[in-house]
Amino acid sequence: MQETKFIWFNGKLIPWRECKVHILTHTMHYGSGAFEGMRFYQTADGRSAIFRLREHVSRLMKSFSIFGTKAPYSHEEIEKAIVDTVKANISVCPEGYVRPIIFHDYGVMGLNPEKARVSVAIAVWQWGAYLGHDSVKVKTSSYIRLHPKSVVADAKICGYYVNSILASLEAKEQGFDEALLLDYKKNIAEGPGENLFLVKKGKVFTPELGNILPGVTRNSVIEIARDLGYKVIEKKLSLGKLKRADEAFFTGTAAEVTAISQVDDKLIGNGKQGMITEKIKQAYLDAVKGRNEKYIKWLTFVR
Ligand code: PMP
């Protein structure tokens, strides 16, 4: 990870290397925090813009609310803090990734976080192509996505990511680029850090909400695909349907739109990025980089 200059921590911008927590931080032991990932891009006129800031902060606040403890800053204050953090680092990082985290800090141990101090930190850094390739080979994981009755399925909680880590490690150990997690009913859920789409006979399909993270990129891609004239259907999808698809792709803040070339031992389509995937990807990149007026509504310009 490439260091930038400042990390916002509880209201102050602190030099990157000096931003520290105690070893007995509650969230470090129990995963009791919520976090986000968003990207900011350099747009056509040279200004940087954060993509869908409001939606990411809304999901962050909603995720953290599952603990019943109070975040020390409002939605508006966190939005402003994110803009300030991007600005403070823009000379070394004009385009990158933002990681805000709300967590239970040092002071109490034991599972009940009620009396724990709540802290907020925001860091930014450069992050290139998350999945490393234009198209990826995917392995159906032996781990299933967390059962919706074990957790609050649509929250983005630190501790949940052990599930994602195990699935990713397993896929990589077996020579694949990324994992695919099914849900407890054996339907397709999502990648460890991505939502999934498939294309069949010109129609675009994606798993319905309920047992996936409601991705901001997923939501953007649904709107973009519909604007491009494709029918988009949200429903339960079997692994068989994915393997018989003409095209498939992942979406996510980090992964953006990444084609899936293979699932287990089955090539998807001809094993190359499909035409509809390519169109949606281009339109998505145009949107995040401010090249399409229609989606300027999604950008928060920083300077
Ligand atoms: N699913 C999971 C499990 C994720 O961690 C992410 C990344 N936040 C996504 C899907 C995609 O969400 P988004 O498009 O909001 O980044």
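## Leu 209 and its surroundings

In this predicted model, Leu 209 is in contact with Pro 214, Arg 218 and Glu 234 once its neighbours within four places in sequence are left aside. The residue sits in the loop that runs between strand E12 (203-206) and helix H5 (216-227), and with a relative accessible area of 49% it is classed as partly exposed, the cut-off for exposed being over 50%. The C-alpha atom of Leu 209 is separated by 28 Å from that of Tyr 41, a residue 168 positions away along the chain.

## Two buried sites: Leu 180 and His 26

Leu 180 belongs to strand E9 (residues 178-182) and is buried, its relative accessible area being 0%. Apart from neighbours within four places in sequence, Leu 180 is in contact with Val 138, Lys 139, Thr 140 and Ser 141, with Ile 188, Glu 190 and Leu 196, and with Leu 239, Leu 242 and Val 263. Cys 158, which is 22 residues from Leu 180 in sequence, lies 19 Å from it in space when the two C-alpha atoms are compared.

His 26 is part of helix H1 (residues 26-30), and at 0% relative accessibility this histidine also counts as buried. When residues up to four places away in sequence are not counted, the residues that His 26 touches include Gly 31 and Ser 32, together with His 104, Asp 105, Tyr 106, Val 108 and Met 109. Also among the contacts of His 26 are Gly 110, Leu 111, Asn 112 and Pro 113.

## Cysteines and the absence of disulfides

Why is the sulfur of Cys 19 not bonded to that of Cys 158? The sulfur of Cys 158 is the closest cysteine sulfur to that of Cys 19, but it lies 15 Å away, which is too far for a bond, given that a disulfide requires the two sulfur atoms to be within 2.5 Å. Seen from the other side, the closest cysteine sulfur to Cys 158 is that of Cys 19, again at 15 Å and too far for a bond. The count of disulfides by this rule is accordingly zero.

The two cysteines fall in separate accessibility classes, since Cys 19, at 23% relative accessibility, counts as partly exposed, whereas Cys 158, at 19%, counts as buried, with the limit for buried set at under 20%.

## Backbone with positive phi

Asn 10 is not a glycine, yet it has a positive phi of about 45 degrees. This asparagine lies in the loop between strand E1 (6-9) and strand E2 (12-15), and its relative accessible area of 25% makes it partly exposed.

Glu 256, likewise not a glycine, has a positive phi of about 55 degrees, but it is found in strand E15 (residues 256-263) and is buried, with a relative accessible area of 17%.

## The chain as a whole

The chain has seven helices and 17 strands, and its C-alpha atoms fill a box of roughly 55 × 50 × 30 Å along the principal axes. For 303 residues, a compact globule would be expected to have a radius of gyration near 19 Å, and the value of 19 Å found for the chain agrees with this. Among contacts with a separation of 6 or more, 71% join residues that are 24 or more positions apart.

Buried residues make up 52% of the 303 residues, while the chain exposes about 14,000 Å², of which carbon and sulfur atoms supply 53%. There are 44 positive and 33 negative side chains, and the centres of the two sets lie 3 Å apart.

Notes: Residues numbered from 1 in each chain as written. Predicted model: local features only at pLDDT ≥ 70, side-chain atom pairs only at ≥ 80, totals over all residues. Heavy atoms only, no water. Helix = DSSP H or I, 4+ residues; strand = E, 2+ residues; numbered from the N terminus. Rg over C-alpha atoms; globule rule 2.2 N^0.38 Å. Buried < 20%, exposed > 50% of the residue type's maximum accessible area, 1.4 Å probe, protein only. Contact = heavy atoms within 4.5 Å. Areas by Shrake-Rupley, 256 points an atom, 1.4 Å probe, with all protein chains shown as cover. Lys, Arg positive; Asp, Glu negative; His and termini not counted. Charge placed at Lys NZ, Arg CZ, Asp CG, Glu CD.
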